[in-house]
Amino acid sequence: MISAVIFDFGGVITSSPFEAFAHYEQSHGLPKDIIRRTNADNHFENAWAKFERAEIDLATFDALFAAESKALGAEVPGRDVVKLLKGEIRPEMVEALRRIKQTFKTGCITNNLPANAMGSTDGRALYVAEVMVLFDHVIESAKIGLRKPDPRIYTMMTDKLAVDPKTCVYLDDLGVNLKPARELGMTTIKVTSGAQALAELEAATGLKLR
């Protein structure tokens, strides 16, 4: 039995920022995937991790990310990366969320940056209010100082929703973030496209979402 569906935001409710990364790299003559490789290198303690936990400010992130990317082959200013994070809302996922909310509890766990947190200037554009109200609870890494894949962030959500992890479905576009959810007993869906995610979500919940 399913009691809750928990979503990542970027790359799930919105299109993947990886597309914006790739376009930026190509237009600036940078090595392919330099931004993603910098994000992934030492991913618990790198500039990205520290910024998502709100341990550093934008200026420090800008400099640290530039240094880390330079060490991997090409210098990329952190400020430029922050601007690439706004994906396009996937209307089909929002409609699915509306339908799910009629039957199950809903949550959102998002790794984000202080510069993109809800309530910030950029955050208002990144997190569309009409979508966010469809979640019973939202957890933002930049506001709690904790980020995925730390298992505690998933437990915080299930505690807030008052549900057993074994009765939850969790969607994310990153495998590293799905692993802790799966280990807690959640049904996990790795999102590669809206259509694929909806098909798996329909199978997991038994609901017609399209």
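## A charge over a ring, two cores and some unusual backbone

The charged end of R36 sits 3.7 Å from the centre of the F18 ring, over its face. The model that shows this is predicted.

**Aromatic pairs**

The structure contains 8 aromatic pairs. One of them joins F51 and F61, and it is stacked, with 4.7 Å centre to centre and 25° between the planes. F51 belongs to helix 3 (residues 47–52) and F61 to helix 4 (residues 58–71), so the pair ties together parts that are 10 residues apart in sequence. Both rings are out of reach of solvent by the numbers: F51 is buried at 1% relative accessible area, and F61 is buried at 0%. The two also belong to an aromatic cluster, which W48 and F65 complete.

**The nonpolar cores**

The largest nonpolar core has 27 residues. Which of them touch the most other members? They are V5, F7, I13, M93, F135, L171 and L201. Strand 1 (4–7), helix 6 (91–101), helix 8 (129–132), strand 4 (168–172) and helix 12 (194–205) each give two or more residues to this core. Helix 6 gives the largest share, 5 residues. Another core lies apart from this one; it has 18 residues, including F21, Y24, V76 and L113.

M93 shows how the parts of the largest core meet. Leaving aside neighbours within four places in sequence, M93 is in contact with F7, V12, I13, L171, G194, A197 and L198.

**Helix 6**

The buried residues of helix 6 are M93, V94, A96, L97 and I100. Seen down the helix axis, they fall within an arc of 160°, so they line one face of helix 6. The spacing has a general background: an α-helix has 3.6 residues a turn, so residues three or four places apart point the same way. What covers the buried residues of helix 6? The cover includes strand 1, strand 2 (105–110), helix 8, strand 4 and helix 12.

**A buried loop residue**

T14 sits in the loop between strand 1 and helix 1 (17–27). Is T14 buried or exposed? T14 is buried, at 4% relative accessibility. Beyond its neighbours within four places in sequence, T14 is in contact with F9, G87, E88, I89 and R90.

**Cysteines**

The disulfide count is 0. Why does C108 have no bond to C168? The closest cysteine sulfur to that of C108 is in C168, 14 Å away, which is too far for a bond. C108 is buried at 0% relative accessible area, and C168 is buried at 0% relative accessibility.

**Unusual backbone**

Most residues other than glycine have a negative phi, and most peptide bonds are trans. Three places in this model depart from that pattern. The peptide bond from K148 to P149 is cis, with omega near 15°. P149 is in the loop between helix 9 (141–144) and helix 10 (151–161). The other two places are alanines with a positive phi, listed here.

| Residue | Phi | Loop | Relative accessibility |
|---|---|---|---|
| A54 | near 60° | between helix 3 and helix 4 | 40%, partly exposed |
| A162 | about 60° | between helix 10 and strand 4 | 61%, exposed |

How values were computed
Residues are numbered from 1 along each chain as its sequence is written. This is a predicted model: local features need pLDDT of at least 70, side-chain atom pairs count only at pLDDT 80 or more; totals for chains, interfaces and linings use all residues. Side-chain values use heavy atoms; hydrogens and water are left out. Rings of Phe, Tyr and Trp (its six-membered ring) pair if their centres lie within 6.5 Å; planes under 30 degrees apart count as stacked, over 60 as edge-to-face and the rest as tilted. Helices (H or I, at least four residues) and strands (E, at least two) are DSSP runs, numbered from the N terminus. Buried means under 20% relative accessible area, exposed over 50%, partly exposed in between (1.4 Å probe, protein chains only). A charge sits over a ring if NZ of Lys or CZ of Arg is within 6 Å of the ring centre and within 35 degrees of the ring normal. A nonpolar core is a set of buried Ala, Val, Leu, Ile, Met, Phe, Trp, Tyr and Cys residues joined through side-chain atoms within 4.5 Å. Contact means heavy atoms within 4.5 Å. A disulfide is a pair of cysteine sulfur atoms within 2.5 Å. The arc is that of the directions from the helix axis to the C-beta atoms.
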